[in-house]
Amino acid sequence: MINKENKEEVLEALNNIVFEYKTQVSALGYLGLLSQHPEILSKAIQLAVNEEADNELENKEAREEDVIPPRTSQENQKTEEKNTLSDLVKSLLELLGELVEFLQMLALAKNAEEKLSHLLPNSILVYSITIWESFLRDYFRVVLRYNWEVLSKLKDRKEGKSFTIGELIEIMMNYDDMREILIEEFLYTTFYGSIDEIAKRFRSLGIINLQEFPKWERLKKYYLMRNAVVHNNGKVSHKLSKELDLKAGTKIELTPENIEEVISLVYDFIDYVHDNITKKYKLELVPSLSTFLEKEGEKE
């Protein structure tokens with residue numbers, strides 16, 4: 001149960017998750033801007049590929065010679081002062097790093113600029129919805145860890161797993177806290193449904209109504225478009241044609257405006273969830289990214 005004793009702990013965990021995912025969405029925003037200028041991006045990718053190769057060679061030589069100098073106490077102090085900003089940069093690099101192999105191959109291919117103009121927008125769409133899903137999982141994993149009693153509201157067998165006696169005994173023997181198993185089972189089964197079914201599962205716990213997000217239908221549209229890109233090579237299936245109001249077989253074509261919108265939707269959705277949960281449990285809101293950076297700048 002979220003109470004006065006653990007409020008600060010819960011708030012810190014949720015704030016960290018919000019900051020991490022907003023950083024990832026912001027990184028996608030910059031990538032989206034670059035996608036509008038494939039000629040610049042393809043050159044940047046090639047430079048990055050060359051730089052990575054040079055760095056790898058330098059690191060190899062340094063390891064062989066064992067001449068990596070130790071940090072001075074002054075350098076260590078400066079590093080500690082910039083820990084938070086380093087985490088921000090790390091998060092950006094991790095997100096973009098997932099695209100490195102794809103981008104490297106693309107940079108060496110013929111007609112790289114043309115391919116970028118088609119493939120990169122689809123990749124950004126896929127990553128945007130992946131961030132949306134991952135945020136929900138991580139955020140509500142924390143909420144449920146401190147408020148796991150709400151899982152008792154899952155009365156329908158379709159809404160919650162029925163464990164056999166053998167499974168229960170095995171769980172009790174191998175895990176100190178069965179609550180973690182129940183939470184993971186809930187999250188695992190929740191994200192196997194459609195986007196509306198995902199919302200229904202969370203609503204059934206009495207935690208939040210995701211469908212009250214003001215732009216839910218727009219977000220749903222991009223969620224379905226992502227499904228077409230991932231599961232049907234970017235073509236609208238008969239099943240999705242009615243929901244997307246497009247003819248079956250239509251190829252998904254994303255404009256710069258589409259990319260900007262989906263990124264903005266995910267960013268706003270994170271704010272919507274965090275705002276609702278902090279109000280529900282009377283927690284303080286996380287400061288905005290711009291406010292955080294301003295404060296860090298003042299410290300320097």
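In this predicted model, the axes of α10 and α12 come within 10 Å of each other and cross at roughly 120°. That angle makes α10 oblique to α12, since angles over 145 degrees would count as roughly antiparallel and those from 65 to 115 as roughly perpendicular. The crossing in which α10 passes α12 is left-handed. On the side of α10, the residues that make the contact are W216, R218, L219 and Y222. Their counterparts on α12 are N258, E261, V262, L265, V266 and F269. Sorted by class, this contact of α10 with α12 contains seven nonpolar residues, one polar residue and two charged residues.

Several of these residues meet again around one tryptophan, W132. Apart from neighbours within four places in sequence, W132 is in contact with W216 and L219, both of which also belong to the α10 side of the crossing. W132 also touches V266 and F269, two residues that α12 brings to that crossing. The remaining contacts of W132 are with I195, I198 and Y223.

W132 also leads to the nonpolar core. The largest such core has 66 residues, and those that touch the most other members are W132, Y139, F140, F269 and V273. At least two residues of this core come from each of α1 (7–35), α6 (112–146), α8 (178–190), α9 (195–204), α10 (216–231), α11 (238–244) and α12 (256–280). The largest share is that of α6, which supplies 15 residues.

The wider chain may now be considered. Its secondary structure amounts to 13 helices and zero strands, and reading along the sequence gives the pattern α-α-α-α-α-α-α-α-α-α-α-α-α. The chain has 300 residues, of which 37% count as buried. Among contacts in the chain with a separation of 6 or more, 73% are between residues 24 or more positions apart.

A last stop lies toward the start of the chain. N6 is located in the segment before α1. Is this asparagine, N6, buried or exposed? Its relative accessible area is 12%, and N6 is therefore buried, the limit for that class being under 20%. With neighbours within four places in sequence set aside, N6 is in contact with M1 and Y146. Of these two partners, Y146 falls within α6 (112–146), the helix that gives the largest share of the core.

Note on methods
Residues are numbered from 1 along each chain as its sequence is written. This is a predicted model: local features need pLDDT of at least 70, side-chain atom pairs count only at pLDDT 80 or more; totals for chains, interfaces and linings use all residues. Side-chain values use heavy atoms; hydrogens and water are left out. A nonpolar core is a set of buried Ala, Val, Leu, Ile, Met, Phe, Trp, Tyr and Cys residues joined through side-chain atoms within 4.5 Å. Buried means under 20% relative accessible area, exposed over 50%, partly exposed in between (1.4 Å probe, protein chains only). Helices (H or I, at least four residues) and strands (E, at least two) are DSSP runs, numbered from the N terminus. Contact means heavy atoms within 4.5 Å. Axes are lines fitted to C-alpha atoms, for helices over the stretch in contact, and angles run from 0 to 180 degrees between N-to-C directions. Angles under 35 degrees count as roughly parallel, over 145 as roughly antiparallel, 65 to 115 as roughly perpendicular and the rest as oblique. A crossing is left-handed if the near helix is turned anticlockwise from the far one by less than a right angle, and right-handed if clockwise. Ala, Val, Leu, Ile, Met, Phe, Trp, Tyr, Cys and Pro count as nonpolar, Asp, Glu, Lys and Arg as charged, and the others, Gly among them, as polar.
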